[in-house]
Amino acid sequence: MKRWILVVFVALALAAVVVIVGFTQIRLDALQEPGHLETRIATQAKHLLVRWSSREGIPPAPANLQASIEEGDKLYGTDCAMCHGSDGHTLTDNGRWMYPRASDLTSRAVRRYSDPELFWIVKNGIRLSGMPAFGRVESDEHIWNLVHYLRTMRGSAHPESKPPQ
């Protein structure tokens with residue numbers, strides 16, 4: 001019995017040390033860039049949660065892809081360019097000083113998202129990231145238009161959204 005109490009006490013003491021050391025390593029300020037491990041874990045968690053959240057409830061995309069892209073171009077300028085920049089990767093001051101920074105929409109990380117996942121992100125936003133939810137201010141069709149336009153940005157062509165030739 002005494003041995004069991006000693007084991008529990010040592011386990012609790014070790015857990016307390018781990019928690020204390022862990023909290024001393026966590027920084028709340030946005031001046032320091034996060035470490036590689038923190039960035040990787042947060043990114044993987046975000047991708048997993050977006051994939052899981054976008055499995056259901058995504059409406060069908062507009063049938064006329066070219067018209068959707070043209071409308072998305074117009075919407076992008078008013079809804080997205082203020083943070084992501086007019087080209088999707090040259091961040092404005094708004095996007096650059098956010099924490100985390102606004103995403104480079106032409107990056108491989110963004111291209112890895114499927115169209116339904118991008119639709120979900122634009123509609124619902126990403127909490128604690130600066131990415132707002134457009135689901136209450138834009139229609140589903142407008143959100144699809146933004147997704148289709150995003151796929152045409154230099155360096156971000158995506159096979160499932162290429163305009164027909």
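How many of the residues of helix H8 are buried? In this predicted model, helix H8, which spans residues 140–150, is mostly covered, eight of its eleven residues being buried. The buried positions are Ile 143, Trp 144, Asn 145, Leu 146, Val 147, His 148, Tyr 149 and Leu 150. Among the elements that cover these buried residues of H8 are helix H3 (65–79), helix H6 (108–111) and H7.

One residue of helix H3 illustrates this surrounding in detail. Ser 68 lies in helix H3 and is buried, with a relative accessible area of 2%. When residues up to four places away in sequence are not counted, Ser 68 touches Pro 62 together with Trp 144, Asn 145 and His 148, and these last three residues are listed among the buried positions of H8.

The largest nonpolar core has 24 residues, and those with the most contacts inside it are Val 50, Tyr 76, Leu 105, Leu 118, Ile 121 and Leu 146. Two or more residues are given to this core by H3, H7 and H8, and the contribution of H8, at six residues, is the most that any element makes.

The packing of helix H2 against helix H7 was examined next. Two packed helices are described by the angle between their axes and the distance between the axes. Helix H2 (residues 36–53) and helix H7 (residues 115–124) pack at an angle of about 100 degrees, and their axes are 9 Å apart. Because angles of 65 to 115 degrees count as roughly perpendicular, H2 and H7 are described as roughly perpendicular to each other. On the side of H2 the contact involves Val 50, Arg 51 and Ser 53, which meet Glu 117, Trp 120 and Ile 121 in H7. The residues of this contact divide into three nonpolar, one polar and two charged. Val 50, which is also one of the residues with the most contacts inside the core, is in contact with Tyr 113, Glu 117, Trp 120, Ile 121 and Ile 126 once its neighbours within four places in sequence are left aside.

The cysteines were considered last. A disulfide is a covalent bond between the sulfur atoms of two cysteines, and the count of disulfides in the model comes to zero. Cys 80 is in no disulfide, the nearest cysteine sulfur being that of Cys 83, 8.8 Å away. For Cys 83, the closest cysteine sulfur is likewise that of Cys 80, and the separation of 8.8 Å is too far for a bond, since a disulfide requires sulfur atoms within 2.5 Å. Both residues are nevertheless buried, Cys 80 at 13% relative accessibility and Cys 83 with a relative accessible area of 16%.

Key. Residues numbered from 1 in each chain as written. Predicted model: local features only at pLDDT ≥ 70, side-chain atom pairs only at ≥ 80, totals over all residues. Heavy atoms only, no water. Axes fitted to C-alpha atoms, helices over the stretch in contact; angles between N-to-C directions. Helix = DSSP H or I, 4+ residues; strand = E, 2+ residues; numbered from the N terminus. Parallel < 35°, antiparallel > 145°, perpendicular 65-115°, else oblique. Contact = heavy atoms within 4.5 Å. Nonpolar A, V, L, I, M, F, W, Y, C, P; charged D, E, K, R; others polar. Buried < 20%, exposed > 50% of the residue type's maximum accessible area, 1.4 Å probe, protein only. Core = buried A, V, L, I, M, F, W, Y, C linked by side-chain atoms within 4.5 Å.
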